[in-house]
Amino acid sequence: MTYTDFKKKYNISLNEQQDAAVQAVTGPTLLLAVPGSGKTTVLIARIGYMIYGCGIRPEEILVVTYTKAATADMKKRFVKVFGEEYADRLTFCTINSLADKILTYFSRITGKSRFGVADKEGAAIIKEAFRYINHGFATENDIKNIQTAITYVKNMRYTKAEIDKYETEVENFPDIYEAYNNGLRNNQMIDYDDQMVYALRILEKYPDVLEHFRKRYKYFCVDEAQDTSKIQHDIIGLLAAQTENLFMVGDEDQSIYGFRAAYPAALIGFEKAHKNAKVLLMESNYRSRAEIVRAADKLIQYNRNRHEKHVKETKSAGGEVKQINVVSRKDQYGYLAAEIEKSNKEIAVLYRNTESVIPLIDIFDRKGIPYNIKQGEVSFFTHPIVSDIVDFIQFAENPCDVDIFMRIYYKLGAGISKTMAQAACYSCKGDTPLLKWIIRQEAASKYTKQECSMQIKNFDSLKDASGSRAMGIILNLIGYSEQIREKKMDSGKVNVMKIIGEQAERATLIPKRLDELKDLLLAGSDKKANVILSTIHSSKGLEYDTVYMLDMCDGILPGCEEPKRNATPAEKDAYEEERRLFYVGMTRAKESLNIFTFQKDTMSPFSKVVFGTPEKASKTELHKHSAGLKPSLFRQSVVSEVSESEVQELMAKCVEGVRIRHEKYGSGIIVRRDGKKADVNFELYGSVKTLHLPIVLQTKMVALEQ
């Protein structure tokens, strides 16, 4: 059957670039498909053409997809176009399914029994390895980081020497990694990454096994090739080396899984790795309005480690790429709630990390707004910063709690030794305030007694404080912000906790609310709701009429600094992946793309590319929507001065721990008051500035946050 006859019979309509891809049946071919270019349609048409147009037996075709869901969807779409006749004779599988086939065949011909594949058992072994190596209990956050690191080093095929040098947040990772693998072996188990490790090892060491699979499969198609890891590329490359009938479909511009060892370098180097390789392009975007396509293409052109190509619009203008400029992260949530309440259209809210959406879920739950979210990732709630803040609040409620005290005593900056802390716990036995006991001890230094006395007052204030004031007390009076700086912890968690705290009437309600929010994330959501909440990673491959990109600020996306001239290749690659993630978020939108931006110092550099360098804040429209959030002062011109009596009244309220908003520096907390002067820690700038209160209050440069 000719290609023309094939298209006519199955009612297939494709553009010139798509036609070329469908007819590329033999030899090594890399198809680079931009977002919304009809990749899956072309893949299905190509498989059909191989069978009906070229007479290739379905059993000889292997189609490797990234997820089980993609496998099921591709088979379903093949049946819809070509019927069920050959569907069951084709092999649609994930790389893990392929590895499992190799292990099963090897077990059968050798008589060797297979190890089981660890699922929940793997997490239990990690917990035990962590406890044994680090002498402590692993949190959900620890387990997640360890699992990610394990996947990375196995998929990158790291040697022991490379693992020893591998940089990760996990303390003593090489030792934990070794203990984890020993634990698997002792339980006669492997993990999902080991499936590929052992499958490749078998193919390399046993020629008969390799030959068996080469005889079975003669044509190889790999979907989402930009997300395929090094070990996965090595497995496919070894199987396809004999026929070289390898068709890889992907787009390095959409490679966003570097933390899982995605290996877009295989696409960049495809022509060098395969003799007589063809590189085809599919550049027409059929998803998004012209304005969105142009903005996305403008951004991705800044990446250098890529094939040259452009995203080209096919839809007419009439969409929008909208900049929503707000003063702080908190103000995004009020704006979104207000917009969603008055809309019945499909709206997707996309963000980098799950923690970004927790305050929004808090508001939605309080206001009864339905939403659709996958079962959320909840490691935020066991992050050290979140756990510490909860400990401080609960210790304020019960200053006799010995368990909490042993977790926080060295974070109080009072010079309390471990010996002194243990003695206090032993002597008080849970019925005497621990800090008061220390003050009465002769062995305690004068400094320790003074600081403990001050901390007692701080905890008393915390117990009776509002949720809004609580964070100021913890960070600035108790002094936890110093711990965060010294340990270089993620201050983004602090911002989320501040926003959640501001919705609580009392500080003591914050721990309970955190538990409720965690349960909401674990429970999932209303699948019929028209509001979709998703990380950008989870949204890949999907599309929505209206998209809001949340928390697009420097430090979150991108999460790393722009590389300097002398940056390492790894640093440059990391920054380009950050840009790709922003790009993937943009290209989910069909009609309307809305990006939250912030004042100049915290505005994402990617937003600056999309919208151009913003004007000064005084000339930029800033949006204000309360929507259940406590109001904040947005930049506005001064219309009148405050009277002397009003100034005095306001000054009386400007005490340590109170939150204010400055028209230039944004939100801040008073950390020290000395007469008419106040030292204020401004979050956006990360610095403390001294203000002359009578002047800034009289001219309305400063207002108290209610």
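## Two strands side by side

Let's start with one residue: Cys 221 stands opposite Phe 247 in strand E7. Strand E6 (residues 219–222) runs parallel to E7 (residues 246–250), and 3 bridges join them. Strands here are DSSP runs of at least two residues and helices (H or I) of at least four, numbered from the N terminus; two strands pair if DSSP finds at least two bridges between them.

This is a predicted model, where local features need pLDDT of at least 70, side-chain atom pairs count only at pLDDT 80 or more, and totals for chains, interfaces and linings use all residues. Residues are numbered from 1 along each chain as its sequence is written, and side-chain values use heavy atoms, leaving out hydrogens and water.

## The whole sheet

Zooming out, 6 strands make an open sheet with parallel pairing, in the order E3-E2-E6-E7-E1-E8. E3 and strand E8 (278–282) sit at the edges with a single partner strand each, so one side of each has no neighbour in the sheet.

## Helix H4

Now for a helix. H4 (residues 68–82) has 15 residues, and at 1.5 Å a residue it should span 21 Å (1.5 Å times one less than the number of residues); its end C-alpha atoms are 21 Å apart, which agrees.

Which residues of H4 are buried? They are Thr 71, Met 74, Phe 78 and Phe 82, where buried means under 20% relative accessible area and exposed over 50%, with partly exposed in between (1.4 Å probe, protein chains only). On the face turned away from that buried side are the exposed Lys 68, Ala 69, Lys 76 and Lys 80. Right after H4 comes Gly 83, with a positive phi near 85 degrees.
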